[in-house]
Amino acid sequence: MKQFILIIVLISFFDMFSQLPIMSPFAKSLGASPAFIGLIVGMYSFSNMFGNILAGYWIDKQGGKKVLLFGFSLTAAILLLYTIVSTPGQLMAVRFFHGLFSGFLVPAAFTVLANRETESKQGKSMAISGVAVGISAIIGPAFGGIVASKYNIEWVFLIIAFLMLLIAVCSAIILPNTAISKSRKVESSFKTLLSIMKTPILAFSFIGAFSLMFAQGVLAYMLPLQVESLNYGTHYSGMLLSTFGITAILIFGLPTNRIFDKYQHHYTMLLGMSIIGFALILLSLAASLPFLFICMILYGAGFACLFPSISAMLVEQTDEETRGKAFGLFYAFFSLGVVAGSSLTGILSVSFGTGFIIAACLLIANCIWMFIYFKRKAALHERME
């Protein structure tokens with residue numbers, strides 16, 4: 001069961017990552033202007049935020065299984081629409097609904113996974129789920145690029161749609177039905193959403209998610225420019241991103257994942273944020289390919305510390321009645337971070353070095369004030385004892 005849920009996580013992210021190398025050329029082939037191409041690419045993440053939040057409500061009312069089946073079925077249907085679009089406007093509309101409906105998948109998958117794990121092993125469980133995310137981040141872009149170049153771009157959407165429907169059928173058979181109590185339905189309200197956001201540890205989890213993906217958005221935007229400025233081939237950008245992904249996967253999957261249950265999650269979160277901030281500063285100074293690879297290994301280590309920690313913090317501070325909405329908000333902040341990171345650096349028209357410094361400052365500033373908060377909280381707790 002656990003392995004099947006991890007496959008669900010992989011396919012949910014595989015859908016997004018497989019379209020990274022093909023969406024801009026696809027929009028351009030339809031006659032979209034450079035500015036409109038940017039809007040088309042960003043529309044997925046924008047509508048994905050709303051899908052994440054809506055999913056959170058429905059998960060707590062209907063259970064993760066029903067939301068997964070609904071999300072996979074609708075996303076598969078939307079993917080088929082890519083094969084018949086003929087104008088940039090139509091592509092924009094399809095991207096909106098694609099992001100909206102696929103936003104149901106990840107919160108539902110992680111909620112189902114968290115509800116099947118004991119509290120003492122949530123850190124390791126979230127780390128192992130990171131392996132699925134990392135694998136999809138590595139093979140997804142390669143799959144999209146290879147299929148689109150060797151066959152046709154429509155085949156990318158058709159194959160993923162088939163996988164979505166296959167997983168939907170398997171999920172209907174394999175995943176157990178979850179009984180939803182009457183009281184659970186009543187408590188799924190807007191007030192509950194506000195109370196989740198006001199809970200300090202959950203707020204820190206959301207801030208960590210935003211900071212992580214803000215840095216990721218800047219990295220995705222700036223790293224290819226940096227590689228190009230150093231007169232290296234564009235394929236090195238993919239190799240560098242794969243290096244960070246492979247590093248994270250190794251830490252997630254090897255016995256090193258035990259650290260996420262051995263140490264308090266907020267400390268491993270702060271460690272991860274610090275490492276990523278330091279890696280970004282080094283990236284802003286990098287002037288050679290070997291140094292870039294060292295920076296990406298360091299970045300991958302920071303990612304591996306941060307992602308499971310903020311996920312486990314969320315799980316430990318919620319129960320089955322609120323976990324869906326919490327994961328919905330969590331991944332909404334993920335999407336918001338990507339949009340903010342790439343958009344802000346693009347609007348400011350900064351160099352890659354400045355862009356990396358901006359992201360590093362955000363991470364380190366958040367890390368410092370959260371560290372002060374936890375220190376003061378620990379000191380207050382000692383005085384009370």
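**Figure 1. Surroundings of F50 in the predicted model.** With a relative accessible area of 41%, F50 is partly exposed, because partly exposed covers values between the 20% and 50% limits. The structure shown in this and the following views is a predicted model. F50 is placed in helix 3. Its partner in this view is A378, which lies 328 residues away along the chain. The C-alpha atoms of F50 and A378 are separated by 36 Å.

**Figure 2. Packing of helix 3 against helix 16.** Helix 3 spans residues 34-62 and helix 16 spans residues 323-348. The two helices pack at an angle of about 170°, and their axes are 7 Å apart. Angles over 145 degrees count as roughly antiparallel, and helix 3 and helix 16 are therefore roughly antiparallel to each other. On the helix 3 side, the contact is made by G42, S45, F46, N48, M49, N52, I53, G56, Y57, I59 and D60. These residues meet R323, G324, K325, G328, L329, Y331, A332, S335, L336, V338 and V339 of helix 16. Sorted by class, the contact of helix 3 with helix 16 has 11 nonpolar, eight polar and three charged residues.

**Figure 3. Lining of the second largest pocket.** The second largest pocket has a volume of about 300 Å³. Its lining consists of I201, Q264, H265, H266, Y267, M313, E316, Q317, F374, K377, A378 and H381. Helix 14 (265-285), helix 15 (289-316) and helix 17 (352-384) are the elements that give two or more residues to this lining. Helix 17 gives the most, with four residues. By class, the lining of the second largest pocket has five nonpolar, five polar and two charged residues. A378, the partner of F50 in the C-alpha separation of 36 Å, is among the lining residues.

**Figure 4. Contacts of S205 in helix 11.** S205 is located in helix 11. S205 has a relative accessible area of 0% and is therefore buried, the limit for buried being under 20%. Leaving aside residues up to four places away in sequence, S205 touches I310, M313, L314 and F330. One of these contacts, M313, also belongs to the lining of the second largest pocket.

**Figure 5. L225 and G238.** L225 lies in helix 11, which covers residues 200-229. The relative accessible area of L225 is 40%, so L225 is partly exposed. L225 and G238 are 13 residues apart in sequence. Measured in space from C-alpha to C-alpha, L225 and G238 are 12 Å apart.

Notes:
Residues are numbered from 1 along each chain as its sequence is written. This is a predicted model: local features need pLDDT of at least 70, side-chain atom pairs count only at pLDDT 80 or more; totals for chains, interfaces and linings use all residues. Side-chain values use heavy atoms; hydrogens and water are left out. Axes are lines fitted to C-alpha atoms, for helices over the stretch in contact, and angles run from 0 to 180 degrees between N-to-C directions. Angles under 35 degrees count as roughly parallel, over 145 as roughly antiparallel, 65 to 115 as roughly perpendicular and the rest as oblique. Contact means heavy atoms within 4.5 Å. Ala, Val, Leu, Ile, Met, Phe, Trp, Tyr, Cys and Pro count as nonpolar, Asp, Glu, Lys and Arg as charged, and the others, Gly among them, as polar. On a 1 Å grid over the protein atoms alone, a cavity is a set of points where a 1.4 Å probe fits but cannot get out, and a pocket is an open set with protein on both sides within 12 Å along at least five of seven lines; lining residues have an atom within 4 Å of a point. Grid points are joined across faces, edges and corners, and a volume is the space filled by probe spheres set on the points. Buried means under 20% relative accessible area, exposed over 50%, partly exposed in between (1.4 Å probe, protein chains only).
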